[in-house]
Amino acid sequence: MFKKMILKRTGSLFSRILLSHIIIIGITLFTISLLFFNLVEKYFFSLREWELVEDANKAIALVTEDYEDRNYAELEKTASVLSASMNSNLRIIDPRIDSSYSSTIIPIPSDEQSEALTGLGYYEINNVLMGNTLFKKQYGPNMQRLMVAMPIVSSNEDFSESGEASTIGMLTLSTPIAAIETTISRVTRLIIYSSLFAVTVALALALFLSKTISKPLKAMALSAQELSKGNAYNKVDVSTAGEIGDLTIAFNKVIEETENTVNEQKNLQALQDKLIANVSHEFRVPLTSIQGYTESMLEGFVKEEEKEKCLHTILNNALHLNHLVEDLLKLSSMEKGYTNLNFKPIYPKAILNRAIYSIKSKSDGKNISITVFLNEEIPYIFADENRLYQILINLLDNAIAYTQEGGHIECSIRTEDDLLVFAISDNGIGINRKDLPYIWDQFYMADSSRNRANKRHRGLGLSIVKELVKLHGGEINVESKIGEGSTFYIKLPTYKKSS
Ligand code: ADP
């Protein structure tokens, strides 16, 4: 469990940023420290070596004469003064003597004693006696020392037959190097402190980056997860500029579009479900009637004189079904934009008169009067003649259907800005306020009108009218009061000759 948590943490962007920062800083500091140590050490040691050689040269210059003359008492004195003033250990190895004059002036030690007495190996001593200078670091239990061993050279003829400089002895000078060590340990401390500081800064930087990079990314992931589960999701705050900010904006846009698409699909599904339920219902009534009458006839339950009436009912129901199918196909092709309209300039008064004339027998049958008001000059409109005729017929048909016998219908045409307004008004049963928003829906029939309308009314008329008006670039509205009547307004753009 704990392991899993750690794995999860190390997999997160924050941990990766932090880890990469620390690794980069670690590697950089390590490399710099190594180089720095090396340089500092080299610098201090070569400085010290140089000083030591200077001191040794001075010492050799001061002791050479007494050394040549074997004036050991003087030699010892000079050596101890030099030792003290140079803060170093001075030793003279004299190959001419067999036993030590003092701890400062000694003969060449044996192979076994050499290291203990002089700090140099037998071969190292021989090497110096051959005229070479030697540096050596000595590691003691308490402190380190740096030693230089140099030959004492004489040009005196007594010592050199050829008159050339020759090695007659050697001098070693060793000095503690604690000061160098202190300096290096100070530098080490400095590097450790700066490393700690750098790691703290890296941590702060990683935290800051996590806020600006990983926080919006995390929020996006969470939001997307919620959306995929179908839960409510949050938009991600655009708190950073640059790529992450752009990504957040794009993400919000995508998520919003996805949500819209999902909602559209949901709405579409709901509409489809509703339509299927309505269609089934509308089909079932006439189908049941056809089935009932046909069965009765086949089983011989219908008397001879009633058979014709029965067959008429079956025919009417079949016709009703046919009309339903026709209307539905019409609506579907209009909604899909498959309906081509044949636009041309039309004089509105003529088309209204034609519609009233064709519906006259129906209104006369219910003793409903129809009057037309045209009190201004009427402009042309640009419309499909047959579809406009159908719009007016549907509205007039409804006005007659939902108005009681002896009622009255008024039709008028007027202009309103750039629009032409047809108004068809009746003093019929009116529409309930709660029904008003739904009368345009397919198969919607207000309860109050359900029983009054005849079979021709299938709850599709206003849906078709609305689609047709829309195809004309116009709009349709209704004002109605229950018990007082309804007025439908169709607004269509007028025809401008220049256009
Ligand atoms: P229908 O075929 O039932 O007439 P419509 O789509 O034409 O279907 O109308 C939908 C509903 O709107 C009708 O069932 C009716 O309730 C109401 N309606 C339409 N026109 C009128 C009107 N002039 N007066 C009262 N109610 C109306």
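Q: In this predicted model, how many bridges join S9 to S10, and do the strands run parallel or antiparallel?
A: Let's start with a residue pair: Ile409 stands opposite Asp426 in S10. That pair belongs to a link between S9 and S10 made of eight bridges. As for direction, S9 and S10 run antiparallel.

Q: Which residue in the hairpin of S9 and S10 takes a positive phi?
A: Look at the turn here, where two residues sit between the strands. One residue of this hairpin has a phi near 55 degrees, and that residue is Asp417.

Q: Which residue of S9 is the bridge partner of Val372?
A: Now go to the pairing of S7 with S9, which is parallel and has five bridges. Strand S7 covers 369–373, and strand S9 covers 408–416. Within S9, the partner of Val372 is Cys411.

Q: Which residue in S12 is the bridge partner of Leu420?
A: S10 spans residues 419–426 and S12 spans residues 485–493. Eight bridges hold these two antiparallel strands together. Across from Leu420, the partner in S12 is Leu492.

Q: Which strands are the edge strands of the open sheet?
A: Put the strands in a row and you get the order S7-S9-S10-S12-S11, with mixed pairing. From one strand to the next, the twist averages 15 degrees. An edge strand here pairs on one side only, and that description fits S7 and S11.

Q: At about what angle to S10 does helix H10 run?
A: Helix H10 is made of residues 385–401. It lies across S9, S10, S11 and S12. Compared with the direction of S10, the helix runs at about 25 degrees.

Q: At about what angle to S11 does helix H12 run?
A: Helix H12, residues 461–471, lies across S11 and S12. Strand S11 itself covers 475–481. The angle between H12 and S11 is about 140 degrees.

Q: What do the buried residues of H12 pack against?
A: Several residues of H12 are buried, including Leu462, Ile464, Val465 and Leu468. Ser463 and Glu467 are on the buried list too. The buried residues of this helix pack against H8, H10, S11 and S12.

Q: Which residue follows H12 with a positive phi?
A: Just past the helix, the backbone has a phi near 75 degrees. The residue that follows H12 with this positive value is Gly473.

Q: Is Lys136 buried or exposed?
A: Lys136, in strand S3, forms a salt bridge with Glu115 in helix H4. Glu115 has 44% relative accessibility, so Glu115 counts as partly exposed. Lys136 has 17%, and because anything under 20% is called buried, Lys136 counts as buried.

Q: Which residues are joined into one network by salt bridges that share partners?
A: The structure holds 17 salt bridges. One of them links Glu115 and Lys136, at 3.2 Å from N to O. Sharing partners brings one further residue into the group, giving a network of Glu115, Glu124 and Lys136.

Q: How many residues apart in sequence are the parts tied together by Lys274 and Asp441?
A: The side chains of Lys274 and Asp441 meet in a salt bridge of 3.8 Å, N to O. Lys274 lies in helix H7, whereas Asp441 lies in the loop between S10 and helix H11, so the pair ties together parts that are 167 residues apart in sequence.

Q: What is the relative accessible area of Asp397?
A: Asp397 and Lys362 meet in a salt bridge at 2.6 Å, N to O. Asp397 lies in helix H10 and Lys362 in helix H9, so the pair ties together parts 35 residues apart in sequence. Lys362 counts as partly exposed at 34% relative accessibility. Asp397, on the other hand, is buried, with a relative accessible area of 5%.

Q: Which element has the lowest mean pLDDT?
A: For the protein, the mean pLDDT is 85, and 91% of its residues reach 70 or more. Over residues 1–7, though, the pLDDT is below 50, and this stretch has zero contacts beyond near neighbours in sequence. Where pLDDT is low, the predicted coordinates should not be read in detail. Among the elements, S12 has the highest mean at 96, and the lowest, at 49, belongs to helix H1.

Terms used:
Residues numbered from 1 in each chain as written. Predicted model: local features only at pLDDT ≥ 70, side-chain atom pairs only at ≥ 80, totals over all residues. Heavy atoms only, no water. Pairing = 2+ DSSP bridges. Helix = DSSP H or I, 4+ residues; strand = E, 2+ residues; numbered from the N terminus. Axes fitted to C-alpha atoms, helices over the stretch in contact; angles between N-to-C directions. Contact = heavy atoms within 4.5 Å. Buried < 20%, exposed > 50% of the residue type's maximum accessible area, 1.4 Å probe, protein only. pLDDT = per-residue confidence, 0-100. Salt bridge = Lys/Arg side-chain N within 4 Å of Asp/Glu carboxyl O.
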